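Student: I would like to go through this structure and ask what stands behind each label. Can we begin?

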Amino acid sequence: MTLQTPWHHEPRKFLTDAQAAKLFLEHGGRCWKCKQKIGPTELARDWSVGHKLALELGGTNDWANLAPECCLCKPLVDAEDHKAAGHNRRAATRHVIPKSMKKKSALAKRPGMKFNWKQGRYVRETD
Ligand SMILES: [Zn+2]
């Protein structure tokens with residue numbers, strides 16, 4: 001893969017039912033995360049194709065990165081991945097944006113100004 005930023009990732013690709021079934025059987029019908037067997041008699045009967053390394057974290061749609069993910073793990077994995085991806089984006093932003101470009105709050109007190117409650121806005125200190 002070429003150089004990526006935390007804002008880009010490979011588009012999601014969907015497997016055909018046959019491909020998904022092959023993947024499922026290759027993994028012994030087990031969730032890659034919790035290693036529990038997924039099946040009609042088990043607690044986690046529903047599953048989907050998951051990415052071991054999430055797309056948003058630089059993962060790919062390569063067969064080796066795909067694995068069955070049970071419906072109990074999916075929300076946890078997704079939450080973890082989103083959290084990590086958000087962290088990466090914030091870290092990248094922090095790295096690239098200099099302090100001078102940081103947006104100042106409109107409510108921030110400017111030097112030489114004081115809040116005039118009567119007018120409901122900041123006015124020069126000399127007022
Ligand atoms: Zn699982």
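Tutor: A nonpolar core is a set of buried Ala, Val, Leu, Ile, Met, Phe, Trp, Tyr and Cys residues joined through C-beta atoms within 7 Å. Note that the model is a predicted one.

Student: Which residues make up the largest nonpolar core?

Tutor: The largest nonpolar core consists of 5 residues: C31, I38, W47, C70 and C73. Each of them is therefore buried, with 20 or more other C-beta atoms within 10 Å. In soluble globular proteins, nonpolar side chains tend to be buried together.

Student: What is W47 in contact with, leaving aside its neighbours within four places in sequence?

Tutor: W47 is in contact with C31, I38, P68, E69, C70 and C71. The C-beta atom of each of these lies within 7 Å of that of W47, because that is what a contact requires.

Student: How much of the protein counts as buried?

Tutor: Of its 127 residues, 9% count as buried. The protein has 2 helices and 4 strands, in the order α-β-β-α-β-β from the N terminus on.

Student: What makes α2 a helix that lies largely in the open?

Tutor: The number of buried residues in α2 is 0 out of 23, so α2 lies largely in the open. Helix α2 covers residues 74-96 and reaches 33 Å from its first C-alpha to its last, close to the 33 Å expected at 1.5 Å a residue. As for α1, the count of buried residues among its 10 residues is also 0, and α1 is hardly covered.

Student: Why is K35 called exposed?

Tutor: K35 has 11 other C-beta atoms within 10 Å, and a residue is exposed if the number is 12 or fewer, so K35 is exposed. K35 lies in the loop between α1 and β1.

Student: What is notable about the phi of K35?

Tutor: The phi of K35 is positive, about 65 degrees, although K35 is not a glycine. Most residues other than glycine have a negative phi. Two glycines also have a positive phi: G28, which follows α1, near 65 degrees, and G120, in the hairpin of β3 and β4, near 70 degrees.

Student: How do you know that β3 and β4 pair?

Tutor: Pairing needs at least two bridges, and β3 (residues 113-116) and β4 (residues 121-124) have 4, so the two strands pair, in the antiparallel sense. One of the bridges joins N116 to R121 in β4. The hairpin has 4 residues between the strands.

Student: Is D62 buried or exposed?

Tutor: D62 has 12 other C-beta atoms within 10 Å, and exposed means 12 or fewer, so D62 is exposed. D62 is in the loop between β1 and β2. Its C-alpha atom is 9.1 Å from that of H51, 11 residues apart along the chain.

Student: Why is L57 called partly exposed?

Tutor: L57 has 16 other C-beta atoms within 10 Å, which lies between the limits of 12 and 20, so L57 is partly exposed. L57 also lies in the loop between β1 and β2. Not counting residues up to four places away in sequence, L57 touches D81, A84 and A85. L57 and Q4 are 53 residues apart in sequence, and 9.8 Å apart from C-alpha to C-alpha.

Technical notes
Residues numbered from 1 in each chain as written. Predicted model: local features only at pLDDT ≥ 70, side-chain atom pairs only at ≥ 80, totals over all residues. Contact = placed C-beta atoms within 7 Å. Expected span 1.5 Å × (residues − 1).
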